[in-house]
Amino acid sequence: MRMMLLRAVGTATCLLTGTVAGVAARADVPSAPVQAQPQIAAPLVTPLHDADIDYVLTGPAGQHLHQRMRWTSALWRQRIEPEGSATIMLTDYRSHILMVLDGTKRTATVMPAPGAGFAAPGTPAAGSWRKMGQGRIAGEACTIWESTDTDRHPTTFCYTEDGLMLGAVHDGKPVVEAVSVSRSPQPIDVFDPPPGYRRVESPH
């Protein structure tokens with residue numbers, strides 16, 4: 001999920017993890033943590049259970065956008081629905097396939113899913129992390145971890161113990177924050193294209 005978030009931080013319109021906009025006044029994710037604790041582990045960054053999370057994303061110009069992320073732990077599949085878009089992204093992390101659904105054309109464009117940074121459920125994230133403290137977002141307790149992106153810019157994430165990403169602050173700016181969290185079982189059919197969609201292979 002960290003990989004999803006870093007990708008979302010870069011585009012501000014796609015997580016997540018799965019990854020954008022935080023509402024800093026409500027999020028207990030400090031943009032500049034005052035004291036780092038010694039690194040003792042790394043977070044779980046992929047949900048251990050089914051999840052349905054509504055995020056608020058903040059784009060580069062400060063625009064806010066909701067994005068719904070759903071996850072099925074049985075299949076390791078993710079569904080991302082950006083607000084106001086006819087496009088839905090379905091990612092299968094077992095087969096490494098990404099499908100981009102276009103509701104206007106009723107097509108499912110298939111391409112390889114980026115998976116270099118994917119951590120299987122229950123597996124701590126790779127890379128360098130520092131545990132910074134505790135936070136609370138959307139009524140959920142989470143641990144604040146600091147890492148860096150590919151350009152060495154610092155990013156703090158707030159992850160629950162069961163691998164849900166609830167917030168992120170990139171380069172001192174809030175970029176994503178959960179506003180509602182559900183761990184209810186997700187119907188399997190929402191992770192496949194609807195009936196009648198035409199499959200299109202993306203050119204390599």
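Cys142 and Cys158 are joined by a disulfide, with their sulfur atoms 2.2 Å apart. Bear in mind that this is a predicted model. Besides that 1 disulfide, the structure has 9 salt bridges. Here's a quick tour of the disulfide and some of those salt bridges.

**The disulfide**

- There is 1 disulfide in the structure, and a disulfide is a covalent bond between the sulfur atoms of two cysteines.
- Cys142 sits in strand 8, which covers residues 140-148, while Cys158 belongs to strand 9.
- The two cysteines are 16 residues apart, and their pairing links distant parts of the chain.
- The torsion about the S-S bond of Cys142 and Cys158 comes out at about 85°, so this disulfide is right-handed.
- As for surroundings, Cys142 and Cys158 are both buried.

**A bridge between strands 1 and 2**

- Arg68 pairs up with Asp52 in a salt bridge, and their closest N and O atoms are 2.6 Å apart.
- Asp52 is in strand 1 (residues 51-58) and Arg68 is in strand 2 (residues 64-72), so the salt bridge ties together parts that lie 16 residues apart in sequence.
- The two partners have their own exposure classes: Asp52 is buried, at 15% relative accessible area, whereas Arg68 is partly exposed, at 33%.

**A bridge between two loops**

- Asp162 and Arg183 also meet through their side chains, forming a salt bridge with an N to O distance of 2.7 Å.
- Asp162 is found in the loop between strand 9 (154-159) and strand 10 (165-170), and Arg183 is in the loop between strand 11 (173-182) and strand 12 (198-201).
- That puts the partners 21 residues apart, so to speak at two distant parts of the chain that the pair links.
- Asp162 counts as buried, with 13% relative accessibility, but Arg183 is partly exposed, with a relative accessible area of 33%.
- Elsewhere, Arg70, Arg79 and Glu81 are joined into one network by salt bridges that share partners.

**Inside that network**

- One of the salt bridges here brings together the side chains of Glu81 and Arg79, at 2.9 Å from N to O.
- Glu81 and Arg79 are both buried.

Key: Residues numbered from 1 in each chain as written. Predicted model: local features only at pLDDT ≥ 70, side-chain atom pairs only at ≥ 80, totals over all residues. Heavy atoms only, no water. Salt bridge = Lys/Arg side-chain N within 4 Å of Asp/Glu carboxyl O. Helix = DSSP H or I, 4+ residues; strand = E, 2+ residues; numbered from the N terminus. Buried < 20%, exposed > 50% of the residue type's maximum accessible area, 1.4 Å probe, protein only. Disulfide = S-S within 2.5 Å.
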